[in-house]
Amino acid sequence: ENKTQSLLLPRYALMTLFFATATEATEDGSLWKRSSHWLSSHHACSWYGVTCTSGIITKLELVENNLAGTIPAEIRLLKNLVDLKLPHNLLVGNPPWDNICQLKQ
């Protein structure tokens, strides 16, 4: 995996998560309650709910944020993710937990 892939694949995974779970607009027209910088040109580490260590995504916390639908398989591309918090959303189905070995139990 080269440097370009190491930067683009996690961003792609996050964008896929957004499009897979942003299905219903809130009162102000946004799809999630909080989505600061999502899908913008800002580094993914500055996106709401994303935490990085040394520029690598390690935590994703989108608690009670109006996510609806299923978690896409592309979440596996976040290879250094150790903490995933998505409670109090409208998510359905079984998350693709295989290949997400770093997550804390």
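Of the 105 residues in the protein chain, 33% count as buried. The model is a predicted one, and the protein chain in it exposes about 6,300 Å². Carbon and sulfur atoms account for 52% of that exposed area. As for how the chain folds back on itself, take the contacts between residues at least 6 apart in sequence: 47% of these join residues at least 24 apart.

The secondary structure is quickly listed. The protein chain has one helix and five strands, and read from the N terminus the elements go α-β-β-β-β-β. Helix 1 covers residues 3-21, and a loop sits between this helix and strand 1 (50-53).

Next come the aromatics. Five aromatic pairs turn up in the count. One of them is F18 with W38, a stacked pair with 6.2 Å from centre to centre and 25° between the planes. Since F18 belongs to helix 1 and W38 to the loop between helix 1 and strand 1, the pair ties together parts of the chain that are 20 residues apart in sequence. Both partners, F18 and W38, are buried. W38 also pairs with W47, this time in a tilted arrangement: the centres are 5.0 Å apart and the planes make an angle of 40°. The 40° falls in the tilted class because stacked requires planes under 30 degrees apart and edge-to-face over 60.

How buried are these two tryptophans? W38 has a relative accessibility of 7%, so it counts as buried, the cut-off being under 20%. W47 comes out at 1% relative accessibility and therefore counts as buried as well. Stepping back from single pairs, F18, W38 and W47 belong to one aromatic cluster that also takes in F19 and W32.

That leaves the sheet. Strands of a sheet pair through backbone hydrogen bonds, and the pairing can be parallel or antiparallel. Here, three strands make up an open sheet with the order 1-2-4, and the pairing is mixed. Strand 1 and strand 4 (83-85) are the edge strands, each pairing on one side only. From one strand to the next, the twist averages 30°. Strand 2, which spans residues 56-61, runs parallel to strand 4, and three bridges join the two. At the residue level, E61 has K85 of strand 4 as its bridge partner.

Definitions and conventions. Residues numbered from 1 in each chain as written. Predicted model: local features only at pLDDT ≥ 70, side-chain atom pairs only at ≥ 80, totals over all residues. Heavy atoms only, no water. Helix = DSSP H or I, 4+ residues; strand = E, 2+ residues; numbered from the N terminus. Buried < 20%, exposed > 50% of the residue type's maximum accessible area, 1.4 Å probe, protein only. Contact = heavy atoms within 4.5 Å. Areas by Shrake-Rupley, 256 points an atom, 1.4 Å probe, with all protein chains shown as cover. Phe/Tyr/Trp six-rings, centres within 6.5 Å; stacked < 30°, edge-to-face > 60°. Pairing = 2+ DSSP bridges. Axes fitted to C-alpha atoms, helices over the stretch in contact; angles between N-to-C directions.
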